[in-house]
Amino acid sequence: MPLFLCLLAGSAAADSWKLKPGDTPFAQSELEALPGQSFRFFDGGESQYGSGGAYAYTYSAENGGGTAWGTYRIVEDGSICVAFTNGFGRCDMFVRNGSRIILITENGERFPVR
């Protein structure tokens, strides 16, 4: 999953996120609890949110391995924007839909969390 291919262009407006019926964006309390959490995706990649805004995405061996480092910030609309050390960036939104957590990219791609 190429998590750093989009240039950081700021956060999309809250109403522009391509939510589906049943999607509930993370509450402010869930966003504030991100430091120390990691999310593993079905392709084997893993996002890690550290203290002080540190961020890392580790690719699965099947996707070339390696880690993309950066920093994250929580935006007013509830999205999370990452600025990678390689100059790329992206904004995503975590939602709950039933018992599933899903990461949604600005262009509407959906990546369920294991």
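A residue is called buried when its relative accessible area is under 20%, exposed when it is over 50%, and partly exposed in between, as found with a 1.4 Å probe on protein chains only. The structure is a predicted model, in which local features need pLDDT of at least 70 and side-chain atom pairs count only at pLDDT 80 or more, while totals for chains, interfaces and linings use all residues. Residues are numbered from 1 along each chain as its sequence is written, and side-chain values use heavy atoms, with hydrogens and water left out.

By the burial criterion, both Cys81 and Cys91 are buried. These two cysteines are joined by a disulfide, with an S to S distance of 1.9 Å, where a disulfide is taken as a pair of cysteine sulfur atoms within 2.5 Å. In general, a disulfide is a covalent bond between the sulfur atoms of two cysteines. By this rule the count comes to 1 disulfide, and the link of Cys81 and Cys91 is right-handed, with 105 degrees about the S-S bond. The pair links distant parts of the chain, since Cys81 belongs to strand β6 and Cys91 to strand β7, 10 residues apart. Strands, like helices, are DSSP runs numbered from the N terminus, a strand (E) having at least two residues and a helix (H or I) at least four.

Strand β6 (residues 80-84) also takes part in strand pairing, for β5 and β6 pair in the antiparallel sense over 5 bridges; two strands are said to pair if DSSP finds at least two bridges between them. Within this pairing, Cys81 in β6 is the bridge partner of Arg73. The hairpin of β5 and β6 has 5 residues between the strands, and in this hairpin Gly78 takes a positive phi near 95 degrees. Strand β5 (residues 67-74) is joined as well to strand β4 (residues 54-58), again by 5 bridges, and these two strands run antiparallel. Here Tyr57 stands opposite Ala68, a residue of β5.

The buried nonpolar residues were then grouped into cores, a nonpolar core being a set of buried Ala, Val, Leu, Ile, Met, Phe, Trp, Tyr and Cys residues joined through side-chain atoms within 4.5 Å. The largest of these cores has 19 residues, and those with the most contacts inside it are Phe39, Tyr49 and Phe94. At least two residues of this core are supplied by each of β4, β5, β6 and β8, and β6 gives the most, with 3 residues. When residues up to four places away in sequence are not counted, the contacts of Tyr49 (heavy atoms within 4.5 Å) include Phe39, Tyr72, Ile80 and Phe94. A second, separate core has 8 residues, among them Trp17, Cys81, Val95 and Ile104, and Cys81 is thus one of the residues in this second core as well as a partner in the disulfide.

The structure further holds 4 salt bridges, each defined as a side-chain nitrogen of Lys or Arg within 4 Å of a carboxyl oxygen of Asp or Glu. In one of them, Arg110 is bound to Asp23, and the closest N and O atoms are 2.9 Å apart. This pair links distant parts of the chain, 87 residues apart, with Arg110 in strand β9 (residues 110-112) and Asp23 in the segment before β1 (24-25). Asp23 is buried, with a relative accessible area of 11%, whereas Arg110 is partly exposed, with a value of 22%.

Another salt bridge is formed by Glu30 and Arg96, whose closest N and O atoms are 2.7 Å apart. Because Glu30 lies in helix α1 (residues 28-32) and Arg96 in strand β7 (residues 89-97), the pair ties together parts that are 66 residues apart in sequence. Glu30 counts as partly exposed at 22% relative accessibility, and Arg96 counts as partly exposed at 35%.

A further salt bridge joins the side chains of Asp92 and Arg90 at 2.9 Å, N to O. Arg90, which lies in strand β7, counts as buried at 4% relative accessibility, and Asp92 is buried with a relative accessible area of 6%.

Finally, Gly98 is found in the loop between β7 and β8 (100-105), where this glycine counts as exposed at 67% relative accessibility. Gly98 and Thr24 are 74 residues apart in sequence, and their C-alpha atoms are 8.9 Å apart in space.
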